[in-house]
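Colleague: Could you take a close look at one part of this model for me? Pick a single residue and walk me through its surroundings, then add whatever else you can about other spots.

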Amino acid sequence: MAEVREGTQMWEHEQLVVRTGRRSGMTTMVALHSTEAGPAVGGCRMKTYARITDAITDVLRLSKAMTLKCAVAGIPHGGAKSVIVVDRELTPELRRAVLLDHADLINEFGGAYQAGPDVGTGPDDMLVLRELTPHAYCLPEEHGGTGSSSGPTARGVLAALKAASRHVFGTDDLTGRKVVISGFGSVGELIAKGLGGADITVSDVDESRRTGEFGWVHPDEAYQVKADVLIPAAVGGVLSPETVRHLDVRLIVGPANNQLTDDGVAGLLEERGIVWVPDHVASAGGVIYTLAREDDGADHETALKRVDGIEATVERMLRARG
């Protein structure tokens with residue numbers, strides 16, 4: 001592995017490649033963390049960053065998390081991630097151009113990196129990548145892919161939550177318990193609708209997501225609400241030492257990637273008696289389902305059963321830590 005230094009953080013990755021697209025003039029990058037277990041998989045994130053170094057930090061952290069996610073799930077793949085840096089208004093023409101640029105970069109890895117959707121991208125974008133590279137998952141279903149992974153991702157979080165709730169509350173029935181979901185996108189909404197009789201409050205930076213179905217709190221306040229369960233379902237880096245000091249919850253389980261600002265925050269959560277299920281465990285439903293369908297040829301129900309196995313994984317993990 002090559003060592004990559006970003007600020008004071010030393011990263012051990014096999015490769016980090018940053019390119020300026022010849023069609024779009026936009027920055028696109030791939031971080032390949034590990035191919036030791038097999039070809040590396042990970043989503044393609046399309047996002048605006050304040051600085052290129054912020055994008056590099058993101059892609060490095062996310063790719064390492066994908067290695068952990070695949071290892072815990074027993075998937076024969078390593079971890080990688082890619083980022084397209086949005087630095088101007090993204091017209092349909094520019095979006096297509098930068099996706100084709102990104103496909104060129106993916107091809108440089110010769111199959112060692114296989115991409116899927118992530119924040120800012122979806123199945124239609126994977127279809128554009130497929131015009132130039134075979135190394136893209138989750139095409140629209142009408143084009144032979146598995147489409148959006150939001151459903152399996154949410155199902156995996158709910159499976160993790162069942163095991164964690166039994167550990168913390170003695171039951172997986174959350175009826176009447178206060179649950180806060182930070183991030184009310186497609187995955188967050190599916191989680192909320194799968195929680196049955198829980199007392200649910202949601203939060204999102206997009207005010208248009210607010211409905212009368214659930215309680216609502218401003219994103220800045222989501223991590224200060226007294227609750228039984230907190231579900232981070234938006235961006236990463238939300239659990240910092242400062243945030244942890246203000247938490248008033250007993251359990252944290254959610255799909256947001258890289259929730260901790262640094263590994264030491266896990267110790268702070270433990271000191272406060274807050275049980276945290278690592279995001280690379282709770283958020284694995286999407287990749288488990290996709291690879292079961294597209295690599296192994298499993299049918300829908302078989303793939304979902306593999307996702308449900310996250311419950312047993314979390315149960316073993318929590319039992320081992322006492």
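Modeller: Here is a walk around one loop residue, followed by a helix residue and a hairpin. Keep in mind that this is a predicted model.

Let's begin with Asp118, which sits in the loop linking strand S7 (113-117) to helix H3 (123-129). Is Asp118 buried or exposed? Its relative accessible area is 14%, and because the cut-off for buried is under 20%, Asp118 counts as buried. As for who surrounds Asp118, set aside the neighbours within four places in sequence and you find contacts with Gly43, Cys44, Arg45, Lys81 and Asn257. Lys81 deserves a second glance, since its side chain makes a polar contact of 3.0 Å with the side chain of Asp118. Glu89, on the other hand, is 29 residues from Asp118 along the chain, and the two C-alpha atoms lie 19 Å apart.

Now over to Thr243, a residue of helix H6 (residues 241-246). Thr243 is buried too, with a relative accessible area of 18%. Its side chain has a polar contact of 3.0 Å with the side chain of Ser240. Beyond the neighbours within four places in sequence, Thr243 touches Tyr223 and Val238.

Last, the hairpin. Strand S3 (residues 15-20) runs antiparallel to strand S4 (residues 27-32), and six bridges pair them. Within that pairing, Val18 faces Met29 of S4. Six residues lie between the two strands of the hairpin, where Gly25 adopts a positive phi near 75°.

Methods
Residues numbered from 1 in each chain as written. Predicted model: local features only at pLDDT ≥ 70, side-chain atom pairs only at ≥ 80, totals over all residues. Heavy atoms only, no water. Pairing = 2+ DSSP bridges. Helix = DSSP H or I, 4+ residues; strand = E, 2+ residues; numbered from the N terminus. Buried < 20%, exposed > 50% of the residue type's maximum accessible area, 1.4 Å probe, protein only. Contact = heavy atoms within 4.5 Å. Polar contact = N/O pair within 3.5 Å; in protein donor to acceptor, adjacent residues only side chain to side chain.
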